[in-house]
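Hi everyone, thanks for making the time. Let me put the structure up on the screen, and then we can walk through it together.

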Amino acid sequence: MDFEGKIISRDVSQLLWEMEKTVSTAESCTGGRIAETIMGVPGASKYFKGGIICYVNEVKENLLGVSHELLEEKTAVCEEVAIEMVKGACQTLNTDYAVAATGLAGPGGGSKEIPVGTIWLAVGNAEKTVTTKIVEDHGRDINIAIATNTAMQMLRDFLTQENKEEEAAES
């Protein structure tokens, strides 16, 4: 993990501690790297409950409740699947928030419609989720690193906003 990644992980840790909230992950193409980044901060067991590596659609459906019809219609590499993965992780692992990644890290598996390097990320909870799409192919290792760092930035930003909204509601 690079220096910026450590700062982001520490920020996420501090926010979750202060908010007394929990987080989980649902990862396909990142294979557990987001979970590894979250739990790399000492004390993470207070807020990180676990992650599901759902590399195949069967696991997305059976453990996360992703719709079979959606996977058939749009493939696993779409915004809607990333959102369902977040909701499923929150429910299955009983967490306040979740981070999800689904896509094609490469080098193979791409098509004209969904090229290698296409990765959908989602962060949120059952009520509110934000997403982003990564579309550039820099090779497998860099694609996974970019997705992991982007997901962590999204989580930090989401938690920061949630924390502000909570504080505003309390005052």
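Before anything else, one term: when I say two strands pair, I mean that DSSP finds at least two bridges between them. Please also keep in mind that this is a predicted model.

Let's begin with the sheet. It is open, with five strands in the order 2-1-3-4-5, and the pairing is mixed. At the edges sit strand 2, residues 48-53, and strand 5, residues 129-134, each pairing on one side only. From one strand to the next, the twist averages 10 degrees.

Now look at strand 4, residues 119-124. Strand 3, residues 97-103, runs antiparallel to strand 4, and six bridges join them. Along that pairing you'll find Ala-100 opposite Ala-122, and Ala-98 opposite Gly-124. Strand 4 also pairs with strand 5, again antiparallel and over six bridges. There, Val-123 faces Val-130 of strand 5, and a hairpin of four residues links the two strands.

So, is strand 4 buried or exposed? Six of its six residues are buried, so strand 4 is largely enclosed by the rest of the structure. Ile-119, Leu-121 and Val-123 point one way, while Trp-120, Ala-122 and Gly-124 point the other way.

Finally, the helices. Helix 3, residues 57-64, lies across strands 1, 2 and 3, at about 140 degrees to strand 2. Helix 5, residues 79-92, lies across strand 1, strand 2, strand 3, strand 4 and strand 5, running at about 140 degrees to strand 3.

Terms used:
Residues numbered from 1 in each chain as written. Predicted model: local features only at pLDDT ≥ 70, side-chain atom pairs only at ≥ 80, totals over all residues. Heavy atoms only, no water. Axes fitted to C-alpha atoms, helices over the stretch in contact; angles between N-to-C directions. Contact = heavy atoms within 4.5 Å. Buried < 20%, exposed > 50% of the residue type's maximum accessible area, 1.4 Å probe, protein only.
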